[in-house]
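Trainee: I should like to take a close look at a single part of this molecule, with the surroundings of that part described in some detail. Please set it in the context of the chain as a whole.

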Amino acid sequence: ATELAAKAVSLYSSAVPGAPVYSSGVNAQLAAYVPTAISTPVINTNLIRPGLNIVPTVAANAAMFIGVATPVVGQQFVVVNSGPNAVRLKAAGGATLNGAQAGGFISVASLATVNCYTASATNQVCTQPVIPTPSAP
């Protein structure tokens, strides 16, 4: 999980300058949140928070909301699924997810990373970072 978190921070901090994933100062430490996912998530309880979120091992297709019940425009989220099962991310507060049906969800595969942000009060957007294929030396 630590290795995945480091990769996520590297991807996230380079893609989103000034993103709030590090504390300031010399020897700054990674500050990650560990959300609780369940089969029927409760709004404002089972959620990911702005910044870096490391999902532990959960039951297959357990779910959580992207932020609080009233989405805050501009908030950014990174989700690293460090467990062996897929996890679902649901749009908060009846917002659409990637412009699709309100209250929808996306599935995040095992060991995958997803970047999400609140584009407007009614739409949240999630994308997966593109990792280039390494070349032989």
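How many disulfides does the structure hold, and what surrounds the part of the chain in question?

Mentor: The model is a predicted one, and the structure holds one disulfide. The bond joins C116 to C126, with an S to S distance of 2.1 Å. Parts of the chain that are distant from each other are linked by this pair, for C116 belongs to strand β9 and C126 to strand β10 (residues 123-127), ten residues apart. The torsion about the S-S bond is about 105°, so the disulfide is right-handed. C116 has a relative accessible area of 2%, and C126 has a relative accessibility of 7%. Because buried means under 20% relative accessible area, C116 counts as buried, and so does C126.

From C116 one can pass to the nonpolar interior. The largest nonpolar core has 19 residues, and C116 is among those that touch the most other members, together with I48, M64, I66, V87 and L89. Two or more residues of this core come from each of β4 (62-66), β5, β6 (87-90) and β9 (113-120). The largest share, three residues, is that of β4. As a general point, nonpolar side chains tend to be buried together in soluble globular proteins.

Strand β4 therefore merits separate attention: five of its five residues are buried, so the strand is largely enclosed by the rest of the structure. β4 also belongs to an open sheet of four strands, in the order β2-β4-β6-β8, with mixed pairing. The edges of this sheet are β2 (47-48) and β8 (105-108), each of which pairs on one side only. Between β2 and β4 there are two bridges, and the pairing is parallel. Across that pairing, L47 has F65 of β4 as its bridge partner, while I48 is partnered by I66 of the same strand. I48 and I66 have already appeared among the core residues that touch the most other members. Towards β6, β4 again runs parallel, and four bridges join the two strands. In this pairing A63 stands opposite R88 of β6.

V87, another of the core residues named above, shows how these elements meet. Leaving aside residues up to four places away in sequence, V87 touches A37, V55, V58, A62, M64, N81, I106, S107 and V108. N81, one of these contacts, is located in strand β5 (residues 76-81). Is N81 buried or exposed? N81 is buried, since its relative accessible area is 0%. A polar atom of the N81 side chain lies 3.1 Å from the backbone oxygen of V108, and V108 is itself among the residues that V87 touches.

The wider chain completes the picture. Its secondary structure comprises one helix and ten strands, and from the N terminus on the elements run α-β-β-β-β-β-β-β-β-β-β. Of the 137 residues in the chain, 38% are buried. Among contacts with a separation of 6 or more, 60% are between residues 24 or more positions apart. The accessible surface comes to about 7,300 Å², and carbon and sulfur atoms account for 58% of it.

Terms used: Residues are numbered from 1 along each chain as its sequence is written. This is a predicted model: local features need pLDDT of at least 70, side-chain atom pairs count only at pLDDT 80 or more; totals for chains, interfaces and linings use all residues. Side-chain values use heavy atoms; hydrogens and water are left out. Buried means under 20% relative accessible area, exposed over 50%, partly exposed in between (1.4 Å probe, protein chains only). A polar contact is a pair of N or O atoms within 3.5 Å; within protein, one must be able to donate a hydrogen and the other to accept it, and residues adjacent in sequence count only if both atoms are side-chain atoms. A nonpolar core is a set of buried Ala, Val, Leu, Ile, Met, Phe, Trp, Tyr and Cys residues joined through side-chain atoms within 4.5 Å. Contact means heavy atoms within 4.5 Å. Two strands pair if DSSP finds at least two bridges between them. A disulfide is a pair of cysteine sulfur atoms within 2.5 Å. Accessible areas come from the Shrake-Rupley method with a 1.4 Å probe; for residues, only the protein chains shown count as cover.
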